[in-house]
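I sat down with this one over coffee and kept short notes as I went. Have the viewer open alongside if you can.

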2 protein chains.
Amino acid sequence: MESLTSHNITVMFLALGILLCMARVLGEIAQRFHQPAVVGELLAGVLLGPTILGYFSPEFSMFLFPSQGPNAITLDAIATLSVVLFLLVAGIEVDLSTIWRQGKVGFKVGIVSIVIPFLFGFVMAWFLPRTLGQQINADRLLFSLFFATALSITALPVIAKTLMDMGLYRTDIGMIIVSAAIFNDLVGWMVFAIILGLMNTSPSHGNHIIVTITLTVGFSVTMLTLGRWLIHKTLPFLHSHSQWPDGALISFAITIALLGAALTEWIGIHAIFGSFIVGVIIGDSSNLREHTRTTIDHFVSFIFAPLFFASIGLKVNVLTHFDFQLMLTVLLLACTCKLAGGVLGARWGGMSPRESWAVGFAMNSRGAMEIILGLLALKAGIIRNRLFVALVIMAIITSMISGPVMRCILRQAKKKRLQDIVSPELFLPELKAVSRKEAIHEMTLAACKVVKIDQQILDASIWEREESLSTGIGKGLALPHARLNDLRKAVVAVGISRTGIDFDSPDDKLANLIFLILTPINDPSTQIEITSEIARIFREPQMVERFLRAKNFKDFLAIIKHFNNIKLKAS
Amino acid sequence: MESLTSHNITVMFLALGILLCMARVLGEIAQRFHQPAVVGELLAGVLLGPTILGYFSPEFSMFLFPSQGPNAITLDAIATLSVVLFLLVAGIEVDLSTIWRQGKVGFKVGIVSIVIPFLFGFVMAWFLPRTLGQQINADRLLFSLFFATALSITALPVIAKTLMDMGLYRTDIGMIIVSAAIFNDLVGWMVFAIILGLMNTSPSHGNHIIVTITLTVGFSVTMLTLGRWLIHKTLPFLHSHSQWPDGALISFAITIALLGAALTEWIGIHAIFGSFIVGVIIGDSSNLREHTRTTIDHFVSFIFAPLFFASIGLKVNVLTHFDFQLMLTVLLLACTCKLAGGVLGARWGGMSPRESWAVGFAMNSRGAMEIILGLLALKAGIIRNRLFVALVIMAIITSMISGPVMRCILRQAKKKRLQDIVSPELFLPELKAVSRKEAIHEMTLAACKVVKIDQQILDASIWEREESLSTGIGKGLALPHARLNDLRKAVVAVGISRTGIDFDSPDDKLANLIFLILTPINDPSTQIEITSEIARIFREPQMVERFLRAKNFKDFLAIIKHFNNIKLKAS
């Protein structure tokens, strides 16, 4: 049995380790600058690939990420496995009911955003083949078809990741974009299959294009009806008949995803489509336990997704064969057509101008598919190196700009969030107070060290509010608050009383967790936002208990962040 | 960049899907028969590999698991990645303090269980080279060294998995076995490196043996001191400075494991040793959150570990070149030597005869390492096919018998467990009763349908016990019970009261969860066991709340099982 040598194994683990490390670090940095993590992950690949590392140290770059031999195959296999697993998670996160509700708009966006770039690209390539980098002797029709497809293709993985990173995935607009991208990709892959057929480099099994289309539709319909029904029946069975239900569900989900991927790859559309559909129907089942969902989600999002997105940049050197003029032409052409298609489609679907532009920019991102497509065309002698490089740069740039631009357009009003307001100085994990008055006194004392307000005035104004109506809101929670003249920004002090303090709550429970909320008098909305965020957090069961277990400020913050992250994704 | 064709991708996903499915199903079946899951997983590989599937349908077997080409490399890479990740988990689960405590015994077991088989194997091979399958013209010394190593090598992954499956991993005896296996493997790999050097087929970098040993010791010492210190410092930093602490910790753990694997593979010992050591020091840090631990553990245990163990059986056809006599000789020789070594070492370390035999059988399991070793010797022309097959069969059989035999020897007194006693008929999720007397009446009514005891007698005997001393034990729990004459086995009814019933608990809480425990009068231990299991379960915080959220018997059972599984692993 052919196996990896010790050298291959060393290189494989070193390459994976460095790739994962770089992708995650840059992903974190991107998030720090309020960009989607995927921007950093893509950049990691460009830095580690032939473009940057390969420029400064070609030997090391080729040692880590060789373009030939067992290690090239290994890396490609792991990247492919990664994207398939990522699409499983993206599928699980899909909310089918939203898709059904928004499907019509999604369909309109999908169709227009493929027709406009395709027509425009075809015409451009037909009349200006040499300018656009047609290979000498290459068939003009083939080149035009390819160029048209290259402009119209989109990247479901990149779009899904960007939306997830931005917390928009499960929103209405997110689901419109996802359904449009699914539609777009399906058509793109089928056209791609036609081109592959025309190029005579189709895979060995070589399904005819009609067969491919029939099988694709058949697969989708069967999975969404019979498959869905079967999974709804199987999950409870596994749940009750296995030694360890979580384990059985995780294995089941991954197994079915792998088999689905194999099936769609065989059909002639890409493997990721199969695992995506499997994800959709598994995620739709109410029998998928939260724990299973989280385990798969975390492992894939923090290991496989970064590996895949970073691996995209490894494939090419974006500097050799760099033709600035061609690159700019392709980039402008691609963006214009796709934006036009996306925006018009969304407007046709009845969306507001602002939302339509956001949809346009989302649809505009291309990713690995563009690079795979370009690679095949390059190998088949249809396009020249410089067009290939231009396509790759276009793919990476469009993927990178979609998130930030969408954020600007939707101008997500940066709400004041609790996690940005609380601070270690105002975290009092062991209140000594036993009465309401003492507790307020103890907390205002701490607050005054930070806000430079006379403690007696502060104490009095809070107590006044407290006496008129107690702020104990039950469940062991109290929210004493005041709006103050001299305050420039919101301040929240957090006090924990292990014994509990009587805040006269409606449920007669003693308050263990006290948030002292001070807001500027001229900014009424912040107080409401903070209060409603607290209310939202403590709607979850056992939240107070969870906070009581926090030993220090770090633990405390982690719980809030964790909750917010989950809610963001689910919102 | 060399990449997989569509056909390769199809085969890869199909092969992984089938392998995972088969491994998990057979693993579950093995557990059903109280065997470690690894027995089923190994068997899955034998069934799907050349031995069985290859015999009945050679084309399909070669299509799924080709021995040459990109798919062979892909599968090998994923199997290698899997075992490295599995060893990370095995490392995380190691309890360093137990290792320090039991290290001396472990060292004794390790040294004796490698010296005896090695000496005996060397002498046998030296005097009977042809009988034992030496290749014509092969160097006698080389053959003898190889045969000696083959007999003395052990399989840390298989041993760890078996111990985990049996719930013995973190016990004292488990840690003795693990530390002995680590020692054994380290020496084995070093001898292996010497043989590779003598064979002149050493890996390209070709570290000299002295260098290898120095680097191994240097790596271990550095990791366990400086590395450990660094990780203790890094984890809290990641925890507080990342957007999503869990994600950062997961990525960090995997990154370091990959890099550690690359390093040890480069040193000349196997990659798994690096990730194991990384796991040990990460798991030792109190900053590794339970959630991170669980996510990695579950994903690896239910996906990667089964894939790896099943892949072992794929490598060879254990039927061609099958030489029964040689196989039996090798098997007997291997078992005798290793058992002798393990048992004597354990006795020397002061263990009881029974425990020593368990240790011996644990150390006796060989796994993939034996097969890798054999494969290299076969390629180098040292051994003949029939010896290779004999070694493979010996490796698989010894791996398979160690779990069951250990279970027999330790004769884990099968305690009556709550999960085996409760039943859907005696699960009353909505008690109507509002008083203690009514609740007991309602539950005995249900119990009498199952146990054929006069309801009035039952009711009276429980009430009598209840009146003398209330069975409300606090935390919302009550355990009314009786020991009965006419009962053949223990019966437990479970009642849930959403409103709560006053069972006169010491903490004045109403009882929401009531276990009615009926045991035979002549079996006093069962009642104690059940009561103490319940006490153990409800020592965890929020357990009553968790049970109250159970909508049906299935949910209820899942919580108990989940708890027991966790405790088993941690016990």
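Below are my entries, going from the single chain to the pair.

**Entry 1: what kind of model.** I noted at the start that this is a predicted model.

**Entry 2: extent of the chain.** I looked up how far chain A reaches, and along its principal axes the C-alpha trace spans about 85 × 60 × 55 Å.

**Entry 3: domains.** Where do the domains of chain A begin and end? I found domain 1 at 6–410 and domain 2 at 418–570. I then checked their separation: the C-alpha centres of domain 1 and domain 2 of chain A are 45 Å apart.

**Entry 4: secondary structure.** I have 23 helices and six strands down for chain A.

**Entry 5: burial and contacts.** Chain A has 571 residues, and 54% of them count as buried. I also looked at contacts in chain A between residues at least 6 apart in sequence; 77% of these join residues at least 24 apart.

**Entry 6: the two copies.** How is chain A laid on chain B? I wrote down a turn of 180° with a shift of 0.0 Å along the axis, which gives an RMSD of 0.1 Å. The two copies are therefore related as by a two-fold rotation axis. Next I asked which C-alpha of chain A is nearest the axis. That is the C-alpha of A:Thr295, 2.5 Å from the axis.

**Entry 7: the shared surface.** My last check was on the contact residues of chain A, and 100% of them recur in chain B. The same surface serves both copies.

How values were computed:
Residues numbered from 1 in each chain as written. Chains lettered and ligands numbered in written order. Predicted model: local features only at pLDDT ≥ 70, side-chain atom pairs only at ≥ 80, totals over all residues. Domains from an automatic or database assignment. Helix = DSSP H or I, 4+ residues; strand = E, 2+ residues; numbered from the N terminus. Buried ≥ 20, exposed ≤ 12 C-beta atoms within 10 Å, placed from the backbone. Contact = placed C-beta atoms within 7 Å. Least-squares fit on C-alpha atoms with pLDDT ≥ 70 in both.
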